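This report is written for a reader who is beginning to study protein structures. Please keep the sequence and the model in view while reading.

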Amino acid sequence: MTTPPTTDLDVATALRQQLADHLAARGHIRTPAIDHALRTVPRHAFAPEVPLQAAYANDIVITRYSDDGTVTSSISAPWLQAEMLEAARIQPGHQVLEIGSGGYNAALIAELADPTGHVTTLDIDPAVTDRATRFLTQTGYDHVRVTTADAEHLPIDVVPDGGFNAIVVTVDTWDLPWIHALAEGGRLVAPLRLHGYHWAIGFTKRDGALHSDEPLIVCGFVAMQGDGAWHTNRRTVPGTGVHLSWEDGNPLPVDQLAPALTREPTVAHTHITIGGQEPFDALTLYLAGALPGFCRLSVDPDGNNGVLNPPPKHWPGAAIVRGTSLARLATERISDGDDGNGLYEFVVHGYGPRGQVAAKEMADQVQHWQRNHRAALCPRITIHPLVNGDPMPATDDPHVFDNKHTRITVDWPIVPGAALPTEG
């Protein structure tokens, strides 16, 4: 008796099952429909440039670069695709729009909507849509409609009567101009920039507005192109290699900050701790809304800029500008922690003549978050469309801000007495 040789198809099938097992074991797959889709769609067929092992790794696959080397299209990490599809709650018969194409995720959506539903995938780049069309046809998903258009100006003939049951956005976006295209009660899942922080958020449309009702997921996607692209407001402090970016509102002057960075900063202790593997994205999102003049600070990695404890290259730090002074959130390691990954205290470094005052202002807000919001599962996001682009009445709420098409409200639930204890 001879054993038949193992084929690439056998290997791909085995790797696909292993990937699904891995995602299910870690809680990213929670429903049979998502499990079936991820075990069925051949991910490697949409990523022929990479080896099978890379196609089925729990990581992104880059599929297109711009001339300057910027990534403009990719297949997202499977764990994040599973999370976003779970949040989309797509059912058989649903009409679904995907913004940001590539083919693989559209095929997963087609499995969820089944032949009784209808899927449209849209991208601004004809090279991307040509690729998606080719691979969807090759894999038997040629009933998916592939459209080349700028999502900022959604073609009228794309939107079904009554709107889509679900819209899944797979490009980084700072606004949501598609509320009108979503059916009442429908789901919209998008990686949304809030004050420069990127979160995959699931919304339900109720009474014409979007309401988040699930935990926010920190994520990263390729940037939106076309008229909906985000253009950063970044300024560089002269001669320092320190960069400050304002994601909402107008950038403040920075030239006057150069002398502040030549002196040793003051340090404001918060006496609030964080584990070495514990995320604190919710804190930085809270500070971004609570502190006027909030910005994100990054530094040239090889520069001598006077910034203590610089933030990682791809995760700019939280900062505020106060005239000729600057304060930024940092951490100090205080012990190894119970798990050996370290225990850290939140501290605020203040630079300049009023750096101590600015540092205390930020430290006070860190303590406010600790007392009132840290124990909450997550903030709730509500998004109202701006009718005809007209602004809504002004508000004094620091956690409410207007974008081009929408007003976004970030509501921080108060959980009295449930926050983690501070350490003095």
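The following report treats the nonpolar cores, the salt bridges, the cysteines, the backbone and one surface patch. The model is a predicted one.

**Nonpolar cores**

In soluble globular proteins, nonpolar side chains tend to be buried together. The largest nonpolar core of this model has 58 residues, of which Ile-167 and Leu-194 touch the most other members. Beyond its neighbours within four places in sequence, Leu-194 is in contact with Trp-199, Ile-201, Leu-216, Leu-285, Ile-381, Phe-401 and Ile-408. Another core, of 46 residues, lies apart from it and includes Leu-85, Val-96, Ala-166 and Phe-221.

**Salt bridges**

The whole structure contains 16 salt bridges. Three of them are listed here with their N to O distances.

| Acidic residue | Basic residue | N to O distance |
|---|---|---|
| Asp-172 | Arg-193 | 3.0 Å |
| Glu-214 | Arg-187 | 3.9 Å |
| Glu-361 | Arg-322 | 2.9 Å |

In the salt bridge of Asp-172 and Arg-193, Asp-172 belongs to the loop between β6 and β7 and Arg-193 to strand β7, so the pair ties together parts 21 residues apart in sequence. Asp-172 has a relative accessible area of 6% and is therefore buried; Arg-193 is buried as well, at 13%.

Glu-214 bonds with Arg-187 in a salt bridge. Glu-214 lies in the loop between β9 and β10 and Arg-187 in strand β7, so this pair links parts 27 residues apart in sequence. Both Glu-214 and Arg-187 are buried.

Glu-361 and Arg-322 also form a salt bridge. Because Glu-361 is in helix α8 and Arg-322 in strand β15, their pairing ties together parts 39 residues apart in sequence. Glu-361 is partly exposed at 28% relative accessibility, and Arg-322 is partly exposed at 24%. Elsewhere, shared partners join Arg-89, Arg-187, Asp-213 and Glu-214 into one network of salt bridges.

**Cysteines**

A disulfide is a covalent bond between the sulfur atoms of two cysteines. How many disulfides does the structure hold? The number is zero. Cys-295 is buried, with 1% relative accessibility, and Cys-378 is buried at 9%.

**Backbone and surface**

Most residues other than glycine have a negative phi. Arg-89, however, has a positive phi of about 55°; its place is the loop between α4 and β3. His-271, in strand β13, has a positive phi near 60°.

On the surface, Ile-60, Ile-62 and Tyr-65 make a nonpolar patch of about 280 Å². Ile-60 is found in the loop between α3 and β1 and is partly exposed, with a relative accessible area of 45%.

Conventions
Residues numbered from 1 in each chain as written. Predicted model: local features only at pLDDT ≥ 70, side-chain atom pairs only at ≥ 80, totals over all residues. Heavy atoms only, no water. Patch = residues over 30% accessible without salt bridge, like charges linked within 9 Å, V, L, I, M, F, W, Y side chains within 5 Å. Areas by Shrake-Rupley, 256 points an atom, 1.4 Å probe, with all protein chains shown as cover. Salt bridge = Lys/Arg side-chain N within 4 Å of Asp/Glu carboxyl O. Helix = DSSP H or I, 4+ residues; strand = E, 2+ residues; numbered from the N terminus. Buried < 20%, exposed > 50% of the residue type's maximum accessible area, 1.4 Å probe, protein only. Disulfide = S-S within 2.5 Å. Core = buried A, V, L, I, M, F, W, Y, C linked by side-chain atoms within 4.5 Å. Contact = heavy atoms within 4.5 Å.
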